Amino acid sequence: MTEYQPELETLRDIDTSFHRLFETVNDSEAPTMPGDDPLSTLRQARAQIDAALFAYRRRTEDATLADDGTCLLQWDPPSAPPRRLRFEPDSTGETWTRRELEWTGAEWRPCGSDRLDNVAIRAPAAARYPEPVDPTPIETMLEWTRDSWARPDPPALVFAKTATTEQGVVVSVDGDLRYRERDSPQWYPATTDEFYHHLRTHGQPTLLPLSETALTRHDFTPSPLSQ
């Protein structure tokens, strides 16, 4: 599998979806299968395109490692920001520096470091895991939601549920950010700074079509004073 095989497979699926859509729209006499909806197909294809472009941008723009033997481990702890461990050799390769970093929503924050001796590394001969990439900054994801409420299925910033809270969803309505959790009685006005705090307690959010969340347009349109 090539480095960009996942994106290529996604684009092939998109091509097939568009081909079916155009056949349905252009051939008015052709019978459609039950449940076929050209607009729904187009919206799904658009969401796939967004996801593919997002993944491609993250891969091509990330410059994680210098070519000096540095080793990197990255993971997503449950209900916590992404973390990294970097193992950096000195010029002789005999002494290493271990650095621990935490994602703030905009950049990597150093959490600690120490010197190591006698470092030994074992890794699979063939690549089995994805290359580490920077998580998408919160500001970038919020920018994708702006001026999108008029779309049939606007994008939403989604924080996963935790042991104590339900899924949290952020949308942009008429330029204003609105946040609501699945079990909340109303939505609340929100600011970008609040989401950096959410990152620390909910982990890195994702960008999804609103239709793929637990909430709908109606959950964000009434005034919170009227609920």
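The following exchange concerns an open sheet and the helices packed on it in a predicted model.

The model is predicted, with local features requiring pLDDT of at least 70 and side-chain atom pairs counting only at pLDDT 80 or more, whereas totals for chains, interfaces and linings use all residues. Residues are numbered from 1 along each chain as its sequence is written, and side-chain values use heavy atoms, with hydrogens and water left out.

Me: What makes S5 and S9 paired strands?
Reply: Strands are DSSP runs of E with at least two residues, and helices are runs of H or I with at least four, numbered from the N terminus. Two strands pair if DSSP finds at least two bridges between them. S5 (residues 155-159) and S9 have 4 bridges in the antiparallel sense, so the definition is met. One bridge joins Val-158 to Thr-206 in S9.

Me: Why are S8 and S9 placed at the edges?
Reply: The strand order is S8-S7-S6-S5-S9, with antiparallel pairing. Strands S8 (188-189) and S9 (206-209) each have a single partner strand, so one side of each lacks a neighbour in the sheet.

Me: How do you know that the buried residues of H4 lie on the same side?
Reply: Buried means under 20% relative accessible area, exposed over 50%, and partly exposed in between (1.4 Å probe, protein chains only). Thr-192, Phe-195, His-198, Leu-199 and His-202 are the buried residues of H4. Their arc, taken from the directions from the helix axis to the C-beta atoms, is only 110°, which puts them on the same side of H4. The face turned away from that buried side carries the exposed residues Asp-193 and His-197.
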